[in-house]
Amino acid sequence: NMGSMCYLVDEFELSYEMYEQSAKSFYKADDTTAFYYALNAMALQLAEQNMHDETLSLLGKIEMECADANVLTKIWETKAILYKNLAQYDSAIYAAGQLYSNGYSAASGYVTMAQSYEHLGQLDSALFYAQRVLAMPNASDKERYNMLYFFVYHDSWAGEEEKMKRYEERADSDTKNIDPVQE
């Protein structure tokens, strides 16, 4: 069914073209919720590729037309990444915070918060959110890899033994062919 197909598109992080094809299929099948999820996935891909105007245009369309609360919550994830890429770190932190205030449970928002706090020079907060990601059982290898960066390079409280342990964890993750998003 269309809902399962949309879930699989998200689960396997398929390309923009696949999201677009899925959106067209959902639209033809008159499955509006799945259609707007697919549009949001397209916007997320555009945000990650630094295509800011296109992302904002697509998000505006979703916000104006969609009434599903879960879809509208997921928009905050896309906004957080968009704002981080635009170097609007306070806005990125706010957008990621909105994810969790609306019941979101994935690690991506905390990754964005940690990276944004790092750019703002607030390493205590960056380390706090990096630790939250590492504690989440549903965090991906890619998300864990990027958060281990903070502990390897920024954790001034950790002793050399703890830093070496984190460095080894990151090296283990690196052997899994993970494409890091850390800038």
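The following passage describes the helices of a predicted model, two of their packing contacts and two buried residues.

The model is predicted, so local features are reported at a pLDDT of at least 70 and side-chain atom pairs at pLDDT 80 or more, whereas totals for chains, interfaces and linings use all residues. Residues are numbered from 1 along each chain as its sequence is written, and side-chain values use heavy atoms, with hydrogens and water left out.

The protein contains ten helices and zero strands, where helices (H or I, at least four residues) and strands (E, at least two) are DSSP runs numbered from the N terminus. Along the sequence the pattern is α-α-α-α-α-α-α-α-α-α. Of the 183 residues, 44% are buried; buried denotes under 20% relative accessible area, exposed over 50%, and partly exposed the range in between, computed with a 1.4 Å probe on protein chains only. Among contacts with a separation of 6 or more, 50% join residues 24 or more positions apart, a contact being heavy atoms within 4.5 Å.

The mean pLDDT of the protein is 78, and 74% of the residues score at least 70; pLDDT is the predictor's confidence in each residue, on a scale from 0 to 100. Among the elements, helix H1 (residues 2-11) has the lowest mean pLDDT, 57, and helix H6 (residues 89-101) the highest, 91. Residues 173-180 fall below a pLDDT of 50, and this stretch has eleven contacts in the model beyond near neighbours in sequence. Where pLDDT is low, the predicted coordinates should not be read in detail.

Helix H7 (residues 108-119) takes part in both helix contacts described here. Its axis comes within 10 Å of that of helix H5 (residues 69-85), with a crossing angle of roughly 20°. Axes are lines fitted to C-alpha atoms, for helices over the stretch in contact, and angles run from 0 to 180 degrees between N-to-C directions. H5 and H7 are therefore roughly parallel; angles under 35 degrees count as roughly parallel, over 145 as roughly antiparallel, 65 to 115 as roughly perpendicular and the rest as oblique. The crossing of H5 and H7 is left-handed, meaning that the near helix is turned anticlockwise from the far one by less than a right angle; clockwise would be right-handed. Glu77, Ala80, Ile81 and Lys84 of H5 contact Ser108, Thr112, Gln115 and Ser116 of H7. This contact has two nonpolar, four polar and two charged residues. In this classification Ala, Val, Leu, Ile, Met, Phe, Trp, Tyr, Cys and Pro are nonpolar, Asp, Glu, Lys and Arg are charged, and the others, Gly among them, are polar.

The axes of H7 and helix H8 (residues 123-135) come within 8 Å and cross at roughly 160°, which makes the two helices roughly antiparallel. The crossing of H7 and H8 is also left-handed. On the H7 side the contact involves Tyr110, Val111, Met113, Ala114, Tyr117 and Glu118, and on the H8 side Leu123, Ser125, Ala126, Tyr129, Ala130, Arg132 and Val133. By class, ten of these residues are nonpolar, one is polar and two are charged.

Thr73 lies in helix H5 and is buried, at a relative accessible area of 11%. Outside its neighbours within four places in sequence, Thr73 contacts Leu99 and Asn102. Tyr104 is located in the loop between H6 and H7 and counts as buried at 17% relative accessibility. Not counting residues up to four places away in sequence, Tyr104 touches Lys74, Glu77 and Leu99. The C-alpha atoms of Tyr104 and Trp76, which are 28 residues apart along the chain, are separated by 9.8 Å.
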